[in-house]
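Me: I have a structure open here and would like to talk it through before I go back to the bench. Could we start with what a term means and then work through the parts?

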Amino acid sequence: MPKPSRKIVSSRRLLLLWLLASAPLALAQQPAPQAAPATPAPAARDVSARVTQTAVDPSIKDDPAVDQMLAVYGPKVRALDVVIGKLKGELRKGGYGAGSLGNFVADGMRAQGSIKLGKPVDLAIMNGGGLRRNTISEGELRARDIFELLPFENALVTLDLTGEQVLKILGGVVSGREAQSGARITYITKADKSAALEAAKLGNKEIDPKATYTIVTIDYLVNVGGDRYAVLREGKNLRPLGITVRDALMDYVKAETAAGRDIKPNLDERFVLDKANSVLTGETPPK
């Protein structure tokens with residue numbers, strides 16, 4: 001493939017330009033000069049600089065060292081375009097639970113967390129800020145889509161919380177509009193447009209404050225999450241699952257594909273607004 005043509009300036013010219021650009025800044029950072037007797041101006045000197053230019057085109061041979069470096073990354077870049085599944089409908093981030101995109105990620109975390117742990121996981125929690133795409137369009141799902149959605153090296157962990165602690169973390173999920181899978185939440189909105197948890201179930205069962213529940217989340221929220229996630233640091237039996245949330249989600253898509261199931265936007269009323277007890281501001285859950 002022909003290389004794009006561009007001009008390369010000599011290092012001498014770059015040095016000269018850098019000196020010219022930095023001189024005013026350097027002077028601005030020095031203390032004001034003291035008055036001194038006038039001295040004769042030095043004689044002007046004849047200073048000249050020569051510039052050479054080289055066109056970058058197919059006549060320049062490839063650098064074997066650069067080719068060797070690129071060879072290492074080439075397969076990894078090509079792997080990003082591998083189709084791992086099919087999406088029926090658009091995934092979109094927005095509203096409570098980070099919309100259908102947040103539901104997709106949280107559902108995948110819970111499914112893969114259960115597989116890795118070898119027993120059902122009751123609840124998955126994911127912060128909406130960790131989702132770095134706003135939409136994924138209908139059609140083929142590629143590894144690239146998941147990398148762009150989840151670019152960080154956040155790893156999955158599971159831990160045990162009491163029912164009382166689960167209700168606290170779900171309160172934070174509601175106030176922050178974070179993503180979750182496993183809970184059925186009823187919430188209210190207040191005059192200041194904030195939201196608060198009113199009631200919650202795990203699956204179709206009431207949450208027993210004294211019972212123990214297993215949740216899956218990312219190590220980032222456990223280790224450095226703010227006050228909203230402080231209750232996670234009170235959990236017991238913290239277990240790293242040895243997989244990033246990104247790889248877990250790709251495994252989830254591949255598993256669904258192998259089972260003959262397409263990925264679909266899922267807005268299953270896991271967040272329900274109690275309009276009767278809310279101060280309505282015109283905002284409704286995404287549909």
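Reply: Let me begin with one term: a residue counts as buried when its relative accessible area is under 20%. Please also keep in mind that this is a predicted model.

Me: OK, how many residues of α3 are buried?

Reply: Of the 19 residues of α3, 14 are buried, so the helix is largely enclosed by the rest of the structure. For the protein as a whole, which has 287 residues, 36% count as buried.

Me: And how far apart are the end C-alpha atoms of α3?

Reply: They are 27 Å apart, and this agrees with the expected span, because 19 residues (99–117) at 1.5 Å a residue should also cover 27 Å. Just after the helix comes Gly118, whose phi is positive, near 85 degrees.

Me: Switching to pockets, what lines the second largest pocket?

Reply: Its lining is made up of 17 residues, and those nearest the centre are Arg110, Asp122, Gly182, Leu202 and Gly203. By class, eight of the lining residues are charged, five are nonpolar and four are polar. The space in this pocket comes to about 260 Å³.

Me: Which element gives the largest share of that lining?

Reply: That is α3, with three residues; β12 (205–206), like α3, supplies at least two.

Me: Different topic: where is Thr257, and what is it in contact with?

Reply: Thr257 lies in helix α7, which covers residues 245–258. Once neighbours within four places in sequence are left aside, Thr257 is in contact with Ile84, Gly85 and Lys86. Gly85 is 172 residues away from Thr257 along the chain, yet their C-alpha atoms are separated by 5.5 Å.

Me: Is Thr257 buried, exposed or partly exposed?

Reply: Its relative accessibility is 37%, and because the partly exposed class lies between the cut-offs of 20% and 50%, Thr257 counts as partly exposed.

Me: What about contacts across the whole protein, what share joins residues 24 or more positions apart?

Reply: Among contacts with a separation of 6 or more, 78% are between residues 24 or more positions apart. The protein has seven helices and 15 strands.

Me: Last one, where does pLDDT stay under 50?

Reply: It does so over residues 1–35, for which the model has 26 contacts beyond four places in sequence. Where pLDDT is low, the predicted coordinates should not be read in detail. For the protein overall, the mean pLDDT is 85, and 82% of the residues reach 70 or more.

Methods. Residues are numbered from 1 along each chain as its sequence is written. This is a predicted model: local features need pLDDT of at least 70, side-chain atom pairs count only at pLDDT 80 or more; totals for chains, interfaces and linings use all residues. Side-chain values use heavy atoms; hydrogens and water are left out. Helices (H or I, at least four residues) and strands (E, at least two) are DSSP runs, numbered from the N terminus. The expected span of a helix is 1.5 Å times one less than its number of residues. Buried means under 20% relative accessible area, exposed over 50%, partly exposed in between (1.4 Å probe, protein chains only). On a 1 Å grid over the protein atoms alone, a cavity is a set of points where a 1.4 Å probe fits but cannot get out, and a pocket is an open set with protein on both sides within 12 Å along at least five of seven lines; lining residues have an atom within 4 Å of a point. Grid points are joined across faces, edges and corners, and a volume is the space filled by probe spheres set on the points. Ala, Val, Leu, Ile, Met, Phe, Trp, Tyr, Cys and Pro count as nonpolar, Asp, Glu, Lys and Arg as charged, and the others, Gly among them, as polar. pLDDT is the predictor's confidence in each residue, from 0 to 100. Contact means heavy atoms within 4.5 Å.
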